[in-house]
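Please look at the model shown below with its ligand in place, and follow the account from the space that is left open in the protein to the contacts made inside it.

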Amino acid sequence: MSSIAIICSGGDVSGMNPAIKHFVEYSLKKGLTPYFVYDGYEGLIDNKIVEASYKDVSGIIIRGGTLIGSARSKRFMQPEFRAIAKQNLDALDIHMLVVLGGDGSFRGLHAFYKEHGVQFCGIPSTIDNDIHGTDYCLGVDTALNIIKSSIDSIRDTASSFRRAFVIETMGRDCGYLALISAITSGAELCLVPEIAYDLKEYEEDFKEQIKNGRRYFIAIVSEGIEQDSQEIANWFEEKIGIESRVSILGHIQRGGNPTIYDRLMAYKFVTHAINGLLEGKEESVICYSKKGFEFKSIDEVTSSKYHLDLELVQFL
Ligand code: ADP
């Protein structure tokens, strides 16, 4: 019986646990022996590789984070440590890997594949939704729902106190979370790193809105914009004349009970990944777009930067 292992690498997302559960169940169904690699590529090097069974994944579908841990690994950047990882996999006769991670993690396995020929399939997993070649990354829907609940709660207090709330979302240099949240929460202002802005352009309109009875403003700003969130709050106080507060959502965006969409996508991504490996796909990433699921090369996924969908920008 062939063996297959699953690894989580880089930032964790909600949706990894449903993926791990389905990985075990689907591997067994396909006659494969499933293994967990604990703590990302660190665990590959340190031989934290353990055979998995149904009972390990019982009850985890409702939990955020990842049962098997995730990590960043400086050592995996070095060929000598990748050689140790290969010895560890060989000792257990594991020749196929499923990795949940971002483009950095895929680059790492690409190097590993070139040196040692270990077959792998990547599943895009990051709340930033910034991986080129896929419209959806695991974890994004849960993060968006958590942001939605936070904004809804903040709106209650903002309206009671006549305040402007500047709500900062994660995303590094990708404004996807901020953009979708602003559209779907009816925010008055949305600032993302991809779109140049000039706050002056909003001043007259916002002051007019207050005159006409507006009690509060919701501004959604992505962490990667040039100004920090407190500067935007200061602008509301100084130029618009409304008391202002900053709320940085931070790591709450990464956790939480996985949404139905993330559970379903986890199952679909894993099914395609395992099928692809069994069909002999050597090194690929399973991507999702309007066309459906497609295997893409590591070069395609890592060579370009993700661009915000311009169709969405027009709704701002
Ligand atoms: P993400 O997968 O979320 O983009 P990182 O960029 O932090 O996360 O990458 C995760 C891990 O992948 C790194 O800690 C490192 O171990 C490995 N990695 C990234 N790039 C390379 C590379 N060029 N060569 C080998 N390993 C890499």
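In what follows, Ala, Val, Leu, Ile, Met, Phe, Trp, Tyr, Cys and Pro count as nonpolar, Asp, Glu, Lys and Arg as charged, and the others, Gly among them, as polar. The model is predicted, so that local features need pLDDT of at least 70 and side-chain atom pairs count only at pLDDT 80 or more, while totals for chains, interfaces and linings use all residues. Residues are numbered from 1 along each chain as its sequence is written, and side-chain values use heavy atoms, with hydrogens and water left out.

The largest pocket holds about 590 Å³ of space. Of the 32 residues that line this pocket, Gly10, Gly11, Arg72, Gly104 and Ser105 are the closest to its centre. By class, the lining divides into 9 nonpolar, 12 polar and 11 charged residues, and helix α4 gives the most to it, with 6 residues.

The ligand has 14 residues around it (near means a heavy atom within 4 Å), of which Arg72, Ser73, Gly102, Gly104 and Ser105 come nearest. In this shell there are 3 nonpolar, 7 polar and 4 charged residues, and its largest share, 5 residues, comes from helix α4, residues 103–116.

Three side chains can be followed to oxygen atoms of the ligand, each by a polar contact (a pair of N or O atoms within 3.5 Å). A polar side-chain atom of serine 105 lies 2.5 Å from a ligand oxygen, that of arginine 72 lies 2.7 Å from one, and that of aspartate 103 lies 3.4 Å from one. On its own the ligand has 550 Å² of accessible area (Shrake-Rupley method, 1.4 Å probe), and the protein covers 80% of it.

Definitions and conventions
Polar contact = N/O pair within 3.5 Å; in protein donor to acceptor, adjacent residues only side chain to side chain. Helix = DSSP H or I, 4+ residues; strand = E, 2+ residues; numbered from the N terminus. 1 Å grid on protein atoms, 1.4 Å probe; cavity = no way out; pocket = protein on both sides within 12 Å on 5 of 7 lines; lining within 4 Å. Points joined across faces, edges and corners; volume = space filled by probe spheres on them.
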